[in-house]
Amino acid sequence: LSSLNEVNLKRRFPDVIIIGVRKCGTTALKQFLTTHPLIKAARDEVYFFDKYFERGLRWYISRMPMTNENEVTLEKTASYFVTSTMPKNLYNLSRNVKLILIVRHPITRTVSDYLHYIHRP
């Protein structure tokens with residue numbers, strides 16, 4: 001059975017995309033979800049719908065993990081929440097993808113974002 005699943009591995013359009021504002025726990029949620037053996041995530045934020053959309057669908061899918069048809073492909077890019085063209089572009093590519101939105105109290109989120117910004121190398 002294991003070798004059968006390996007034969008069907010390929011890069012797929014995400015089933016789920018985590019969006020949200022920075023410093024709201026998007027990375028933590030991705031880490032928690034990927035502890036499940038059937039959830040595979042893109043390694044890094046892809047920024048397809050806000051920075052690299054012109055690179056095309058083939059480029060985007062090339063950033064996804066290898067999965068079989070029984071696994072969930074997950075992508076997380078927090079900045080999609082504030083990208084005005086993201087909803088339309090995503091809708092035109094897939095009407096089946098699920099979005100997970102994470103929000104946080106605006107004051108504590110802003111303080112966390114500020115502290116992160118001033119302490120970066």
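The paragraphs below lead from the overall fold of this predicted model to its strands, its aromatic residues and two individual positions.

Taken as a whole, the protein has 121 residues, of which 34% are buried, and its secondary structure amounts to 5 helices and 6 strands. Followed along the sequence, these elements appear in the pattern α-β-β-α-β-α-β-β-α-β-α. Along the principal axes, the C-alpha atoms occupy a box of roughly 50 × 30 × 25 Å. Among the contacts with a sequence separation of 6 or more, 80% join residues that are 24 or more positions apart. The exposed surface comes to about 8,100 Å², with carbon and sulfur atoms supplying 57% of that area. As for charge, the protein carries 19 positive and 10 negative charges, and the mean positions of these two sets are 4 Å apart.

Strand S5, which spans residues 72-76, is a useful place to enter the fold, being mostly covered, with 4 of its 5 residues buried. Strand S2, residues 16-20, pairs with S5 in the parallel sense over 3 bridges, and within this pairing Val-16 stands opposite Leu-74 of S5. Strand S3, residues 39-41, also pairs with S5 in the parallel sense, again over 3 bridges, and here Lys-40 has Thr-73 in S5 as its bridge partner.

Ala-41 belongs to strand S3, and its surroundings show which parts of the chain meet there. Leaving aside residues up to four places away in sequence, Ala-41 touches Lys-30, Thr-34, Pro-65 and Leu-74; the last of these, Leu-74, is the residue of S5 that stands opposite Val-16. For a sense of distance, Ala-41 and Val-21 are separated by 20 residues in sequence and by 19 Å in space, taken from C-alpha to C-alpha.

The aromatic residues offer a second route through the model, since a search of the whole structure finds 9 aromatic pairs. In one of them, Phe-49 and Tyr-60 meet edge-to-face, with 5.4 Å from centre to centre and 75° between the planes. This pair links distant parts of the chain, as Phe-49 lies in the loop between S3 and helix H3 (57-62) while Tyr-60 lies in helix H3 itself, 11 residues apart. Both Phe-49 and Tyr-60 are buried. Another pair, Tyr-52 with Trp-59, is tilted, at 5.3 Å centre to centre and 55° between the planes. The two partners of this tilted pair fall into separate burial classes: Tyr-52 is partly exposed because its relative accessible area is 27%, whereas Trp-59 counts as buried because its relative accessibility is 16%. These four residues belong to one aromatic cluster, formed by Phe-13, Phe-48, Phe-49, Tyr-52, Phe-53, Trp-59, Tyr-60 and Tyr-80.

Which residues does Asn-89 touch, once those up to four places away in sequence are set aside? Asn-89 lies in helix H4, residues 86-93, and the residues in question are Phe-49 and Phe-53, both of which are members of the aromatic cluster. Why does Asn-89 count as buried? Its relative accessibility is 16%, and burial means a value under 20%, so Asn-89 falls within the buried class. Helix H4 thus holds a buried residue, Asn-89, that is in contact with Phe-49, and Phe-49 is in turn the buried partner of Tyr-60 in the edge-to-face pair.

Definitions and conventions. Residues are numbered from 1 along each chain as its sequence is written. This is a predicted model: local features need pLDDT of at least 70, side-chain atom pairs count only at pLDDT 80 or more; totals for chains, interfaces and linings use all residues. Side-chain values use heavy atoms; hydrogens and water are left out. Buried means under 20% relative accessible area, exposed over 50%, partly exposed in between (1.4 Å probe, protein chains only). Helices (H or I, at least four residues) and strands (E, at least two) are DSSP runs, numbered from the N terminus. Two strands pair if DSSP finds at least two bridges between them. Contact means heavy atoms within 4.5 Å. Accessible areas come from the Shrake-Rupley method with a 1.4 Å probe; for residues, only the protein chains shown count as cover. Lys and Arg count as positive and Asp and Glu as negative; His and the chain ends are not counted. The place of a charge is taken as NZ of Lys, CZ of Arg, CG of Asp or CD of Glu. Rings of Phe, Tyr and Trp (its six-membered ring) pair if their centres lie within 6.5 Å; planes under 30 degrees apart count as stacked, over 60 as edge-to-face and the rest as tilted.
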